[in-house]
Amino acid sequence: MSTKVEQRSYEDAVSWLRDHGFDLIEAPGMQGRVFARKYNVSAAIQKNGDDGAKIFAYPGYVIGSEISKLVNRGYQQFLKTAKTEVPATADHLKALQQFTEEFKEGLGLPSLYNESLGTVSESYHYDRVENRDKPVAERPKRPWEVAGAKPLAAAKKSRA
């Protein structure tokens, strides 16, 4: 059975976040955009239309001064920024999950079952084959596909 969640207005969401221990910082040079931070995790919301609030930057653990993205490589989750990539620890993931749940409650967004079980990554890479997610035309040529390369059978015969 689903329950109806009423989304909060921008002002109500900002007030709720402030009252529940989130550090709020106005985005420089932007009216109606706020960065929220708690547990060393940050996200941003902005005013949407007349009175609503929408997520501008999704929650991510703060590394240095950047909000990281969670990347799942199947065997390990990583926190990735433009400058670095570090393995995510259990403490990182717990902080990220706790922040996300509280942040969604503050905005009046529904909490989905699969997200409530634990952290959900923005990107999944379960195998180590590079460029598999790109279209065939954009993938780099493999050594056996390069023009002028000898077929494997011909190379074996010439060695013998």
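In the predicted model, L79 is bridged to V86 of β8. The two strands involved, β7 and β8, the latter spanning residues 85-87, run antiparallel to each other and are joined over three bridges. Together β7 and β8 make a hairpin, with four residues lying between them.

On the N-terminal side, β7 has another partner to consider. Strand β6, residues 69-72, pairs with β7, residues 77-80, in the antiparallel sense, and four bridges connect the two. Within this pairing, V71 finds its bridge partner in F78 of β7. β6 and β7 also form a hairpin with four residues between the strands, and here G74 adopts a positive phi near 85 degrees. Strand β7 is thus a good place to start reading this part of the model, with β6 paired to it over four bridges and β8 paired to it over three.

A positive phi is also found earlier in the chain, this time at residues that are not glycine. As a background to these cases, most residues other than glycine have a negative phi. The loop between β2 (33-38) and β3 (41-48) holds Y39, whose phi is positive, near 60 degrees. N40 sits in the loop between β2 and β3 as well, and its phi of about 65 degrees is again positive in a residue other than glycine.

How accessible are these two loop residues? Y39 has a relative accessibility of 37% and therefore counts as partly exposed. N40, at 28% relative accessibility, is likewise counted as partly exposed. For both, the relevant range is the one between the limits of 20% for buried and 50% for exposed.

Stepping back to the whole chain, the model contains four helices and nine strands. Read from the N terminus, these elements follow the order α-β-β-β-β-β-β-β-β-α-α-β-α. The hairpin of β6 and β7 and the hairpin of β7 and β8 can be placed within this order by following the strand numbers.

Some overall values complete the picture. The chain has 160 residues, and buried residues make up 29% of them. Among contacts in the chain with a separation of 6 or more, 43% come from residues 24 or more positions apart. The accessible surface of the chain amounts to about 11300 Å², and carbon and sulfur atoms contribute 52% of that area.

Conventions
Residues numbered from 1 in each chain as written. Predicted model: local features only at pLDDT ≥ 70, side-chain atom pairs only at ≥ 80, totals over all residues. Heavy atoms only, no water. Buried < 20%, exposed > 50% of the residue type's maximum accessible area, 1.4 Å probe, protein only. Pairing = 2+ DSSP bridges. Contact = heavy atoms within 4.5 Å. Areas by Shrake-Rupley, 256 points an atom, 1.4 Å probe, with all protein chains shown as cover.
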